[in-house]
Amino acid sequence: MALTYGTDEWEQAYQELVKERQAASSPPYIMGTPEWVDQYEKAVQNDAAYKEAAKDWEGSVVIKVLAKPEVGLDKDLYIFMDLWHGDCRSMRIVPPEAGEAGDFVITGEYERWKSVIKKELDTVKGMMQGKLKLKGDLPTIVRAVKAATRLVELSAETNPRFPDELSAEEVESLRELLKTAGEKFGI
């Protein structure tokens, strides 16, 4: 039975998983893994430009990556960013019900998110063009375009490895990680 998201037990176990995975490997991490999300979280937390650009921002933002089994993503992946007045209070892979409850949920195919991280697709333009779907108030996001741009720049600076560029063995390893994490954390 999965741990309950939002409890101290869940958070402690999640942090242990991140530490174990970071101890067992080194950057560049694979996009969408707990260790990559942790690296991205720290980049946002330590960035003065983001803090200034997002000083008026209030609300959580969720990146929802739609499932793509051929690259190891058997289920939709929800990356929840708890953002408040320039601070990134946390960034976690969360269960679907927690992800869907975010203030702003941006949904896209895996390839779209890869394009965003590689800075080939502007997030706001992607939403306006229908390449990414937004649940939430678009004008609010547009007003925070500098903060959104900086978030994308920081994701690019993590220089992740992308699941579609992995070997077949690495894809199976990613699939197993997400399956195991899914069973333990409900993600």
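**Exercise 1. Place Asn-159 and describe its backbone and its exposure.**

Step 1. Asn-159 sits in the loop that links helix H8 (145–157) to helix H9 (168–185). The model is a predicted one.

Step 2. Look at the backbone. Phi of Asn-159 is positive, about 50°, although the residue is not a glycine.

Step 3. Judge the exposure. The cut-off for exposed is over 50% relative accessible area. Asn-159 has 53% relative accessibility, so it counts as exposed.

**Exercise 2. Find where Lys-119 lies, and state its phi and its exposure.**

Step 1. Locate the residue. Lys-119 belongs to the loop between helix H5 (110–117) and helix H6 (123–128). Its place is just after H5.

Step 2. Read the angle. Phi of Lys-119 is near 65°, a positive value in a residue other than glycine.

Step 3. Apply the cut-off. Relative accessibility is 53% for Lys-119, so this residue counts as exposed.

**Exercise 3. Work out how H5 is covered and what it packs against.**

Step 1. Count the buried residues. Six of the eight residues in H5 are buried, so the helix is mostly covered.

Step 2. Name them. They are Tyr-110, Trp-113, Lys-114, Ser-115, Val-116 and Ile-117.

Step 3. Find the partners. The buried residues of H5 pack against H2, E1, strand E4 (104–108), H6 and H8.

**Exercise 4. Show how Ala-156 links H8 to the end of H5 and the loop after it.**

Step 1. Start with the element. Ala-156 is part of helix H8.

Step 2. Classify the residue. Partly exposed lies between the 20% and 50% cut-offs. Ala-156 has 22% relative accessibility, so it counts as partly exposed.

Step 3. List its contacts. Leaving out residues up to four places away in sequence, Ala-156 touches Ile-117 and Lys-119. Ile-117 is one of the buried residues of H5. Lys-119 is in the loop between H5 and H6.

Step 4. Check the distance. Ala-156 and Lys-118 are 38 residues apart along the chain, and their C-alpha atoms are separated by 5.9 Å.

**Exercise 5. Is Lys-68 buried or exposed, and what does it touch?**

Step 1. Lys-68 is in the loop between strand E1 (58–65) and strand E2 (77–84).

Step 2. Buried means under 20% relative accessible area. Lys-68 has 18% relative accessibility, so it counts as buried.

Step 3. Residues up to four places away in sequence are not counted. Then Lys-68 touches Leu-73, Tyr-110 and Glu-111. Tyr-110 is among the buried residues of H5.

**Exercise 6. Describe the surroundings of Tyr-50.**

Step 1. Tyr-50 lies in helix H3 (residues 48–53).

Step 2. Its relative accessible area is 1%, so Tyr-50 is buried.

Step 3. Again leave out residues up to four places away in sequence. Tyr-50 touches Val-44, Leu-83, Gly-86, Ala-147, Arg-150, Leu-151 and Leu-154. Val-44 is one of the buried residues of H2.

Step 4. Compare sequence with space. Tyr-50 and Glu-153 are 103 residues apart in sequence, but their C-alpha atoms are 9.8 Å apart.

**Exercise 7. Test the length of helix H2 and trace the loop before it.**

Step 1. Begin in the loop between helix H1 (8–24) and H2, where Pro-28 is found. The peptide bond joining Pro-27 and Pro-28 is cis, with omega about 5°.

Step 2. Compute the expected span. H2 (residues 34–45) has twelve residues; at 1.5 Å a residue, they should span 16 Å.

Step 3. Compare. The end C-alpha atoms of H2 are 16 Å apart, which agrees.

Step 4. List the buried residues of H2. They are Pro-34, Glu-35, Trp-36, Val-37, Asp-38, Tyr-40, Glu-41 and Val-44.

**Exercise 8. Decide whether the whole chain is as compact as a globular protein of its length.**

Step 1. Count the elements. The chain has nine helices and five strands. From the N terminus their order is α-α-α-β-β-β-α-β-α-α-β-α-α-α.

Step 2. Use the globule rule. For 187 residues the rule gives 16 Å, and the radius of gyration is 16 Å, so the chain is as compact as a globular protein of that length.

Step 3. Add the dimensions. Along the principal axes, the C-alpha atoms fill a box of roughly 40 × 35 × 30 Å.

Step 4. Turn to burial and contacts. Buried residues are 49% of the 187. Of the contacts between residues at least 6 apart in sequence, 66% join residues at least 24 apart.

Step 5. Finish with the surface and the charges. The chain exposes about 9,400 Å², and carbon and sulfur atoms supply 50% of that area. The 25 positive and 34 negative charges have mean positions 4 Å apart.

Definitions and conventions:
Residues numbered from 1 in each chain as written. Predicted model: local features only at pLDDT ≥ 70, side-chain atom pairs only at ≥ 80, totals over all residues. Heavy atoms only, no water. Helix = DSSP H or I, 4+ residues; strand = E, 2+ residues; numbered from the N terminus. Expected span 1.5 Å × (residues − 1). Buried < 20%, exposed > 50% of the residue type's maximum accessible area, 1.4 Å probe, protein only. Rg over C-alpha atoms; globule rule 2.2 N^0.38 Å. Contact = heavy atoms within 4.5 Å. Areas by Shrake-Rupley, 256 points an atom, 1.4 Å probe, with all protein chains shown as cover. Lys, Arg positive; Asp, Glu negative; His and termini not counted. Charge placed at Lys NZ, Arg CZ, Asp CG, Glu CD.
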